[in-house]
Amino acid sequence: MKVTIYDVAKEANVSIATVSNVINKKGRIGEKTRKRVYEAMEALNYEPNVIASALMGKQTKTIGLLIPDLANPFFSELARSIEDRSHELGYNIVICSTDYQEDKENKYIGLLKQKRVDGFIFASGFEKLTRVEELMKEDIPIAIVARDYPNFSVNAVVIDDYMGGYIAAEHLIEKGHKKISVVAVDIYSNRERIRGFKDALSKHHLQIAQEIDFIGEIDKNHMDVGRKVAERYLQCEDRATAMFACNDLLAIGAIQAAKQAGLKVPEDLSVVGFDNTNIASIVDPPLTTVSQPIQLMGREVMDLIISVFKGEREDNVRVTLTPTLVERESTSEL
């Protein structure tokens, strides 16, 4: 038979109300009593019925996290950071990878609503936030992470994309590069990175070497696409001596293209990425990249949505984090 809260109370020799308060972290419960209840729950293998709690208007301590691509190291590292922080705060995370497909996102949202999650965190792969708007109208707590939507009023933790692009350009200019190409997916965050990149070039009376060949945002295999775009750039007679890629996978694709063309990185072509995922330090050569504070980003968005649950913050809070440049071996003096 399924173990109930009554069984736990009997095992721990406390009242049902005490067990309930321990589970929901309410009331003034002594540490010895709390420990005894936890030991009884563990001994009986008791699992609280979160769905029943939700139907009674209580929190399920569960949050839905929707990300576009778990295979992308940036999103997998971000998801891990969010999950780690949620565990520290006593919450559970249900991670759903949408594969950049709106129908999958809609399906997951429906399933998570049936599970009565307390809220949603979106690292959305889409420019339009129709479903997010619908959830907000239902007063379901929402937070956006990693993708910027400046004209949309929502809780968000983002990076200063403009500054990230600016410092990437400054680094390459300091290395003596004047002919620089850009590889990018066509989304708002990357357009901001490119705006910062262009402004830094303009300050030095420079321009991007080739017209940007924007990649459609639904493409998943960024490494392969980055390689193909870089191949086209490298075939130009007056080719660039450096490339800025708006994520690490695109940058690695550019490095592969250079090697296949018989060029050495960084001697013949310097490459700068964006994100500073774990893969950046193990690629050959190790990648110079603009670092997003991924661990901090995950913690911040989790703290933000929990503070909204508790009524400690109003909605539509925007947290902007600062990027830094991590110099490794994929860039050198011209």
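A residue counts as buried under 20% relative accessible area, as exposed over 50%, and as partly exposed in between. With a relative accessibility of 33%, Cys236 therefore falls into the partly exposed class. Cys96, by contrast, has a relative accessible area of just 6%, so this cysteine is buried. Cys236 takes part in no disulfide, and the nearest cysteine sulfur, which belongs to Cys246, sits 18 Å away. For the structure as a whole, the disulfide count is 0. All of this comes from a predicted model.

Stepping back to the whole chain, there are 334 residues, and 53% of them count as buried. The chain holds 12 helices and 11 strands, and its C-alpha trace spans about 80 × 35 × 35 Å along the principal axes. Among the contacts with a separation of 6 or more, 72% are between residues 24 or more positions apart.

Next comes the sheet. It is an open one, built from 6 strands in the order 2-1-3-4-5-10, and the pairing is parallel. Strand 2 (92–97) and strand 10 (318–321) stand at the edges; each has a single partner strand, so one side of each is left without a neighbour in the sheet. Going from one strand to the next, the twist averages 15°.

The pairing can be followed strand by strand. Strand 1 and strand 3 run parallel and are joined by 4 bridges, with Gly64 finding its strand 3 bridge partner in Phe120. Strand 3 goes on to pair with strand 4, again in the parallel sense, over 3 bridges. Here Phe120 turns up once more, with Ile142 as its bridge partner in strand 4. Out towards strand 10, another 4 bridges link that strand to strand 5 (residues 155–159), and the two run parallel. Val157 has Val319 of strand 10 as its bridge partner.

Strand 3 deserves a closer look. Gly119 and Ile121 point one way from this strand, Phe120 and Phe122 point the other way, and all four are buried. Helix 7 (residues 130–137) lies across strand 3 (119–122) and strand 4 (142–145), and runs at about 150° to strand 4.

Then there is the packing of nonpolar residues. In soluble globular proteins, nonpolar side chains tend to be buried together. The largest nonpolar core in this model has 29 residues, and those touching the most other members are Ile63, Leu78, Ile121, Val145 and Met297. Two or more residues each come from strand 1 (62–67), helix 5 (73–88), strand 4, strand 5, helix 12 (294–309) and strand 10. Helix 12 is the biggest giver, with 8 residues.

What does Ile121 touch, not counting residues up to four places away in sequence? The contacts include Ile63, Gly64, Leu65 and Leu66. Ile82, Ala143 and Val145 are also touched by Ile121, as are Val301, Met302 and Ile305. A second core, separate from the one Ile121 belongs to, has 25 residues, among them Met243, Ala254, Ile255 and Ala257.

Elsewhere, two helices meet crosswise. The axes of helix 2 (residues 16–23) and helix 3 (residues 31–44) come within 10 Å and cross at roughly 90°. An angle of 65 to 115 degrees counts as roughly perpendicular, and that is therefore the label for helix 2 and helix 3. On the helix 2 side, the contact is made by Thr18, Val19, Val22 and Ile23. Helix 3 brings Thr33, Arg34, Val37, Tyr38 and Met41 to the contact.

Two more residues round out the picture. Asn190 has its place in helix 9 (residues 188–203). With a relative accessible area of 3%, this asparagine is buried. Leaving aside neighbours within four places in sequence, Asn190 is in contact with Ala184, Val185 and Cys246. Val283, for its part, lies in the loop between strand 8 (270–275) and strand 9 (288–291). Is this loop residue buried or exposed? Val283 has 15% relative accessibility, so it counts as buried. Its C-alpha atom is separated by 22 Å from that of Arg232, a residue 51 positions apart from Val283 along the chain.

Definitions and conventions:
Residues are numbered from 1 along each chain as its sequence is written. This is a predicted model: local features need pLDDT of at least 70, side-chain atom pairs count only at pLDDT 80 or more; totals for chains, interfaces and linings use all residues. Side-chain values use heavy atoms; hydrogens and water are left out. Buried means under 20% relative accessible area, exposed over 50%, partly exposed in between (1.4 Å probe, protein chains only). Contact means heavy atoms within 4.5 Å. Two strands pair if DSSP finds at least two bridges between them. Axes are lines fitted to C-alpha atoms, for helices over the stretch in contact, and angles run from 0 to 180 degrees between N-to-C directions. A disulfide is a pair of cysteine sulfur atoms within 2.5 Å. A nonpolar core is a set of buried Ala, Val, Leu, Ile, Met, Phe, Trp, Tyr and Cys residues joined through side-chain atoms within 4.5 Å. Angles under 35 degrees count as roughly parallel, over 145 as roughly antiparallel, 65 to 115 as roughly perpendicular and the rest as oblique.
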